[in-house]
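User: Please take a close look at one part of this model, the helical packing and the segments that adjoin it. A connected account would be preferred to a list.

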Amino acid sequence: MTTHVHTTDLAAEHAPRGNWGQHSPEIYKAVLALEIAAKKGLDPSLVELVKIRASQLNHCAFCLDMHTKDAIAAGESVERIVLLGAWEESRHFYTEKELAAIELTEAVTVLTEGFVPDEVFEKASKHFEEKELTQLIAVIATINVWNRFGVTYRMAPGHYTPGMYNK
């Protein structure tokens, strides 16, 4: 028998620590400008997979909420999104190019484990032209910036709808 959680059973939502974008619009606009330049011309599905994987690693619930919704709205399958946290065991759901991007995302995001390994960079270099590779690294760097603000300011997930920031 399946039971469903009722909203009255849910824990209280934590309050955000502030609105950094409102208090420092020049920083917000600079990060946004980098993101727009970075993803221009890249496959939107690949970009969302990268953003989701980095956000999983960084435990940024706000960005996970946003980018899973954006990915689904763009036609990405729920199955591929759910399995992204275990991509090494579910490689057959992704292209070799996507796998190279996901692996690079992990290496760039988790720098505490050392430098980006040569083999990871070389694998990505085989699937992306030099300009695309630079853009991909910028996408990874940008989502890491967003994640750090999201986690630090405790931005609450659950309120995002696809496209709401495109206005």
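Analyst: In this predicted model, H3 and H8 are oblique to each other, because their packing angle of about 40° falls neither under 35 degrees nor within 65 to 115 degrees. Helix H3 spans residues 44-58 and helix H8 spans residues 130-152, and their axes lie 9 Å apart. The handedness of the H3 and H8 crossing is right-handed.

The segments that follow these helices merit attention for their backbone geometry. Most residues other than glycine have a negative phi. Histidine 59, in the loop between H3 and H4, has a positive phi, near 60°. With a relative accessibility of 66%, histidine 59 counts as exposed, because the cut-off for that class is over 50%. Arginine 154, located in the segment after H8, likewise has a positive phi, in this case near 50°. Its relative accessibility is 32%, so arginine 154 counts as partly exposed, the class that lies between under 20% for buried and over 50% for exposed.

The loop that holds histidine 59 leads on to H4, a helix of residues 61-73 that includes isoleucine 72. Isoleucine 72 has a relative accessible area of 43% and is therefore partly exposed. That value is also over the 30% required of residues in a surface patch. Together with Val78 and Val82, Ile72 makes a nonpolar surface patch of about 270 Å².

Conventions
Residues numbered from 1 in each chain as written. Predicted model: local features only at pLDDT ≥ 70, side-chain atom pairs only at ≥ 80, totals over all residues. Heavy atoms only, no water. Patch = residues over 30% accessible without salt bridge, like charges linked within 9 Å, V, L, I, M, F, W, Y side chains within 5 Å. Areas by Shrake-Rupley, 256 points an atom, 1.4 Å probe, with all protein chains shown as cover. Salt bridge = Lys/Arg side-chain N within 4 Å of Asp/Glu carboxyl O. Helix = DSSP H or I, 4+ residues; strand = E, 2+ residues; numbered from the N terminus. Buried < 20%, exposed > 50% of the residue type's maximum accessible area, 1.4 Å probe, protein only. Axes fitted to C-alpha atoms, helices over the stretch in contact; angles between N-to-C directions. Parallel < 35°, antiparallel > 145°, perpendicular 65-115°, else oblique. Left-handed = near helix turned anticlockwise from the far one by under 90°.
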